[in-house]
Amino acid sequence: GHPVIGIDRSGNAVAAWAAFSGPIETASLPAGGSLTAAKTLAARGQAVNLTVNPAGAAIVTWGTRTATVAASGTVLGGFAAPVSVGPPPPYPIGYTRIALNDAGQAALAWATGTSNMAATRSADGTWGTAVKLSGNRDGLVDVAIDGAGDAIAVFGQLHVSGTITTATEYTSTRPAGGTWGAPIVLSVPGDAAITPRAAA
């Protein structure tokens, strides 16, 4: 799988990837130092993503055949045991999107193949229950979280009519400590982004 890389304000870096043989692995590169040996986070998985905040906190997410999972840690200090966050992305072509703020709050979004899902993590590292943002035949989704803990997800929903497939872009927001709101239409059918992106 494609490697993902994060770097903190001190220049320390961490990478994560799904090895061809199956394991989810990470390795770190201290600023001015040498790359560490790869460490295995899980025996198998796909749809790997990674986020790092300036202080060096890090979260790696990926999918298995039964769940979307996350492992929290630091750029140089390794990762805790993975935890299940919600239902899995499609195997083997799904993906996860993760964002992390300076306070340690995080937002995770992914598509299951039948719906768009999101979950948030509090600053103490506890994941909330995953929620369904919308029904979706084949979702593309992204997520962002700001310094106050307010989160936003953007996602496309496909519409099929005969041989024509179009997409509509939506957004859903979650105020810090609140719940995900109902989807809001951003574009008319046929005018959606192929790979939506969110930033905060």
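This report walks through a predicted model, starting with a sheet and ending with two single residues.

**A sheet of four strands**

Let's begin at the start of the chain. Four strands make up an open sheet, lined up in the order 1-2-3-4, and their pairing is antiparallel. Strand 1 (4-7) and strand 4 (39-42) stand at the edges with a single partner strand each, so one side of each has no neighbour in the sheet. From one strand to the next, the twist averages 25 degrees. As background, strands of a sheet pair through backbone hydrogen bonds, and they can do that in a parallel or an antiparallel way.

Now zoom in on strand 1. One of its faces is covered, with Val-4 and Gly-6, while Ile-5 and Ile-7 make up the uncovered face. Strand 1 and strand 2 form a hairpin with five residues between them. In that turn, Gly-11 has a positive phi of about 90 degrees. Across the hairpin, Gly-6 has Val-14 in strand 2 as its bridge partner. Move one strand along, and Ala-15 stands opposite Ala-27 in strand 3. Here is how these two strand pairs look side by side:

| Strand pair | Bridges | Direction |
|---|---|---|
| Strand 1 and strand 2 | Four bridges | antiparallel |
| Strand 2 (residues 13-18) and strand 3 (residues 24-29) | Six bridges | antiparallel |

**Two nonpolar cores**

In soluble globular proteins, nonpolar side chains tend to be buried together. In this model, the largest nonpolar core has 18 residues. Those with the most contacts inside this core are Ile-24, Leu-41, Val-48, Leu-50, Val-60, Trp-62 and Phe-79. Which elements give two or more residues to this core? They are strand 2, strand 4, strand 5 (46-52), strand 6 (57-63) and strand 7 (68-74).

Take Ile-24 as an example. Leaving out residues up to four places away in sequence, Ile-24 touches a list of residues that includes Trp-17, Leu-41, Val-48 and Trp-62. Polar names turn up there too, among them Lys-39, Arg-44 and Gln-46.

There is also a second, separate core, with 15 residues, including Ala-47, Ala-99, Ala-151 and Tyr-170.

**One aromatic pair**

How many aromatic pairs does a search of the whole structure find? The answer is one. The partners are Phe-155 and Tyr-170, and their rings are stacked, at 6.0 Å centre to centre with 15 degrees between the planes. Phe-155 sits in strand 15 (residues 151-161) and Tyr-170 in strand 16, so the pair ties together parts that are 15 residues apart in sequence. Both Phe-155 and Tyr-170 are buried.

**Two buried residues up close**

Ser-172 is another residue of strand 16 (residues 164-174). Is Ser-172 buried or exposed? Its relative accessibility is 1%, so Ser-172 counts as buried, the cut-off being under 20%. The Ser-172 side chain reaches the backbone oxygen of Gly-181 at 2.6 Å. Besides Gly-181, Ser-172 touches Leu-133, Ala-151, Ile-152, Ala-153, Phe-155 and Trp-180, if you skip residues up to four places away in sequence. Notice that Phe-155, from the aromatic pair, is one of these contacts.

Our last stop is Trp-110, in strand 11 (residues 106-111). Trp-110 counts as buried because its relative accessibility is 0%. A polar contact of 3.2 Å joins its side chain to that of Thr-68. Trp-110 and Pro-89 are 21 residues apart along the chain, yet their C-alpha atoms are separated by 6.6 Å.

How values were computed: Residues numbered from 1 in each chain as written. Predicted model: local features only at pLDDT ≥ 70, side-chain atom pairs only at ≥ 80, totals over all residues. Heavy atoms only, no water. Buried < 20%, exposed > 50% of the residue type's maximum accessible area, 1.4 Å probe, protein only. Polar contact = N/O pair within 3.5 Å; in protein donor to acceptor, adjacent residues only side chain to side chain. Contact = heavy atoms within 4.5 Å. Pairing = 2+ DSSP bridges. Axes fitted to C-alpha atoms, helices over the stretch in contact; angles between N-to-C directions. Phe/Tyr/Trp six-rings, centres within 6.5 Å; stacked < 30°, edge-to-face > 60°. Core = buried A, V, L, I, M, F, W, Y, C linked by side-chain atoms within 4.5 Å.
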